[in-house]
Amino acid sequence: MNPRQIESWALRVIDCVKKGQPNEDFLVELKRDWIEKEKAARRIAGHANAARGENILWLIGVDENQGVIGVNATDLASWYSTVESCFNELAPRMIPLNIPVDGKTVVALLFETDRAPFVVKNPVYGSKGAGAVELEVPWRENTSVRSARRSDLIRLLAPLERLPDVEIIDCDFTATIKGEDSVGNYIPDALKLSIELYVVPKNNNRIVIPFHRCKVEFEIVGIPIIKSNWLELEPAIGKYYGWRHTGKPGSLTIQSTAYEIIIDAPGMLLLKATAGRPSLPEDAKKCDVRISIHLLPTDAERPVVLTMTLPYPKEK
């Protein structure tokens, strides 16, 4: 990742924190200040091991509840040198970046994890009553860190799962009110999302994403999360630009069936989803809607997660 990509990722996370939205990105850790070296090394190692080859991002100077706190960036050099000393043989490669936010400095730390497993030293090894354990392979589970189990090590030593990069290109978000369509079918209140996504696989392997392993969630402050009840993925088609058609097809590298989408190389796909909408108070309709998209390929243990925040749409 280059500095611009790191900063863009960090700012997206910070924007969510400012809006009071929880950080749901497994690859991101928020810290209000520099933490003690042994604790930091164990958490970094556990996070990096569980990421299985994906980059992880730590933001120092950001609190999930209080927002941007800011931090002294000059402390980084002395801090990470002591953290590295707690690793056995190898620590994750780190790329630091200072990001100015609201007159304060947030330090973004991108860790590359493709050289896992990462092992840390037991800080009390050799002291009286400390036991015989010299080294540990930490593993992050949800927000806590524990010692890796045999099943974790099997996953870690298996070929790395490389989730594709997915970029949001364009979207259409609408809210419909109940009524009848042109042929008399009843239409309930619903939220509808149509979104173009450009997908770039990390290797030459075919990616298959079944529709039943995908979901879209709509979150409005004060309202229970609204989940999609229908979702479909299909190759994007060629567009009209002004008065003329481009005359070109959509992506030739993507195909779909009634049950899954199949991706052989970079290309554009279209996601369509609907969710039944409960009756909402008028105040809720003046709020932003946080949209979370989860796409889980057949050979992956965790999904690609995309988030975006849009104004509540006008009802039609």
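This passage describes a sheet, two pockets and two nonpolar cores in a predicted model.

Strands of a sheet pair through backbone hydrogen bonds, in either a parallel or an antiparallel sense. In the model, an open sheet is built from 4 strands in the order E17-E16-E24-E25, and the pairing is antiparallel. Strands E17 (226-227) and E25 (304-311) form the edges; each has a single partner strand, so one side of each is left without a neighbour in the sheet. The pairing of E17 with strand E16 (residues 214-219) is antiparallel and runs over 2 bridges. Here Glu217 stands opposite Lys227 of E17.

Strand E25 also takes part in the lining of the largest pocket. This pocket holds about 1700 Å³ of space. Its lining comprises 49 residues, and those nearest the centre are Trp9, Asp25, Leu27, Val304 and Val305. Besides E25, the elements that give two or more residues to the lining are helices H1 (3-18), H2 (37-51) and H4 (150-157), together with strands E9 (138-141), E11 (165-176) and E14 (190-200). Helix H1 supplies the largest share, 7 residues. Divided by class, the lining has 21 nonpolar, 20 charged and 8 polar residues.

The second largest pocket has a volume of about 370 Å³. It is lined by 19 residues, with Asn23, Glu29, Leu30, Lys31 and Glu64 nearest its centre. Two or more lining residues come from each of strands E1 (28-31) and E3 (62-63). The contribution of E1, 4 residues, is the most given by any element. In this lining, 10 residues are charged, 5 nonpolar and 4 polar.

The largest nonpolar core contains 45 residues, and the most contacts inside it are made by Leu57, Leu59, Trp79, Tyr80, Phe87 and Leu109. Helices H1, H2 and H3 (76-84) each give two or more residues to this core, as do strands E1, E2 (56-60), E5 (93-101) and E6 (104-112). Helices H1 and H2 are thus named both for this core and for the lining of the largest pocket. Strand E1 is named for the core and for the lining of the second largest pocket.

The surroundings of Leu109 illustrate the packing of the core. With neighbours within four places in sequence left aside, Leu109 is in contact with Trp34, Ile56, Leu57, Trp58, Ile60, Leu76, Trp79, Met94, Ile95 and Pro96. Of these, Leu57 and Trp79 are also among the core residues with the most contacts. A second core, separate from this one, has 40 residues, including Phe211, Leu231, Leu295 and Met308.

Technical notes:
Residues are numbered from 1 along each chain as its sequence is written. This is a predicted model: local features need pLDDT of at least 70, side-chain atom pairs count only at pLDDT 80 or more; totals for chains, interfaces and linings use all residues. Side-chain values use heavy atoms; hydrogens and water are left out. Two strands pair if DSSP finds at least two bridges between them. On a 1 Å grid over the protein atoms alone, a cavity is a set of points where a 1.4 Å probe fits but cannot get out, and a pocket is an open set with protein on both sides within 12 Å along at least five of seven lines; lining residues have an atom within 4 Å of a point. Grid points are joined across faces, edges and corners, and a volume is the space filled by probe spheres set on the points. Ala, Val, Leu, Ile, Met, Phe, Trp, Tyr, Cys and Pro count as nonpolar, Asp, Glu, Lys and Arg as charged, and the others, Gly among them, as polar. A nonpolar core is a set of buried Ala, Val, Leu, Ile, Met, Phe, Trp, Tyr and Cys residues joined through side-chain atoms within 4.5 Å. Buried means under 20% relative accessible area, exposed over 50%, partly exposed in between (1.4 Å probe, protein chains only). Contact means heavy atoms within 4.5 Å.
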